[in-house]
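Trainee: Got a minute? I'd like to go through this structure with you.
Mentor: Sure, let's open it.

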Amino acid sequence: MKNTFLLKKLTRIFPRILPMLLFGLGILLTGCEKKPAQKASEEALPTLVIAINAGDEGAAIASMAKKYPHAKIEIVELAYTTLREKLNLTLSSSRSVYDVVLIDDPWYSELESKLAQFSGIPPALESDLIPACLALGKSAQGQLKALPFVGNCQLLFYRKDLLNEWGLNAPPTDWNTVLSLGGKVSGSDSNVYCIRGKSGAPLVSDFLPILWATGADIYDGEPAYSRASMNTPSALEALRTYKELMRLSPRGGLNYDWTEMTAAFIKGKCALELNWPAAVKNIDREITRDTNGERKWGVALPPRGRAKTTSMSGNWLLAMPASSKSKGASEKFILWLMENQNEAAQFGNPPTRKSVFKMLHEKDPNAYFYYPTLATALENSTPRPRTARWSRMEDAISIYLTKFLSHEISEDKTLQELNNALLEISKN
């Protein structure tokens, strides 16, 4: 009886509530579907393929790209060596598979002819970029073909605690002072310096700032890179300085790369080394602070020689393949990344814009304590030779420098044979 009553009641109510149920269902379905205009707009967005390095530099771009509103971004993440090989291969084709590429600045010269020129960048952005960084993406004719996204260059890393033990309250400002510390550490478990002596790019990038500081260079004269200049008194001074630095380094330094060098610094096996900003995060995490909460280490400008203080630049650049069919959209994306460069700093990537250095340091002076020094170092940095022959030059320098440091050949023979090898490379 009771069930019959409920059934009759539902029969009377249902016709009245059915329209409301259908209306609510319609709203729900409408909310789940994209509006036609919105769907059409998204389908009209161009798709850009971005080739990046599998590291902090690329990770920042991959993260930022998720918020880019003007294109669909496809990320191709490649290991360092693979990225270089792929770029040399694909950028030579009539239709590049990439629309934007992230390149290490030593690669710029070998890729320059395959890159598109920017149609124009905002004057405010151009004036905000550190000039030495901006110059890395320009051709010999002044064409802008890449923009500097990550502001890397070497700094002098120093252990305050060790220097204090040896009677120094500040890091040395010239290489002669560094060498003189050898007489103060007798009996110490720590070494004065730590070279990055592994053959190849590690050794060459560690040696060249010392060469440049003496006023010497690999080549001089005009046309560029036509006259090798390694057989000079200044180059000999640099060679002797580096060999003495090896003597003041931990045993086995000739086999050290970035990882081993940084570990030696963290463990207190050395007081000084030229290192890259990427090491800051690891070092700051691993070296405990003193009882006052102060760092036991710091960074400074590289020591000067008779000529100047300088270090090697190692910026990462953003560029467009000349064979890309989406250069307008690609340029717009690159400029958007540059405008939001502060976001890349969260991944440990220093900026190249003066205003971003200033903003981040003022916002968090503890986290970005090294930014003022790094900005100055970038202004005074020196790039590797801007020539497609650089990789061959680097190999030659590494070969003869390793032979010299291993006591296989004399200093005179090292400079003479290296100079001859560099001269041959410049001709071919």
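Mentor: Start with the second largest pocket, which has a volume of about 230 Å³. A pocket here is an open set of points on a 1 Å grid over the protein atoms alone, where a 1.4 Å probe fits, with protein on both sides within 12 Å along at least five of seven lines. Points are joined across faces, edges and corners, and the volume is the space filled by probe spheres set on them.

Trainee: Which residues lie nearest the centre of the second largest pocket?
Mentor: Ser109, Glu112, Ala140, Arg386 and Thr387, out of 13 lining residues. Lining means having an atom within 4 Å of a point. By class, that lining has six nonpolar, four polar and three charged residues. Asp, Glu, Lys and Arg count as charged; Ala, Val, Leu, Ile, Met, Phe, Trp, Tyr, Cys and Pro as nonpolar; the others, Gly among them, as polar.

Trainee: Is this experimental, by the way?
Mentor: No, it is a predicted model: local features need pLDDT of at least 70, side-chain atom pairs count only at pLDDT 80 or more, and totals for chains, interfaces and linings use all residues. Numbering runs from 1 along each chain as its sequence is written, and side-chain values use heavy atoms, with hydrogens and water left out.

Trainee: What volume does the largest pocket have?
Mentor: About 1200 Å³. Its lining has 47 residues, with Glu57, Asn152, Trp276, Ala278 and Trp316 nearest the centre. The elements giving two or more residues to that lining are α3 (56-65), α4 (80-90), α10, α13 (279-286) and α17. By class, the largest pocket's lining holds 21 nonpolar, 13 polar and 13 charged residues.

Trainee: New topic. Why does the span of α11 agree with what is expected?
Mentor: Helix α11 (residues 233-247) has 15 residues, so at 1.5 Å a residue it should span 21 Å, and its end C-alpha atoms are 21 Å apart. The expected span is 1.5 Å times one less than the number of residues. Helices are DSSP runs (H or I, at least four residues), numbered from the N terminus.

Trainee: Which α11 residues are buried?
Mentor: Among them are Ser234, Leu236, Tyr242 and Met246. Buried means under 20% relative accessible area (1.4 Å probe, protein chains only). Their cover includes α10 (201-213), α17 (390-405) and α18 (411-427).

Trainee: And what does Leu422 touch?
Mentor: Its contacts (heavy atoms within 4.5 Å) include Ile218, Tyr219 and Met393, not counting residues up to four places away in sequence.

Terms used. Buried < 20%, exposed > 50% of the residue type's maximum accessible area, 1.4 Å probe, protein only.
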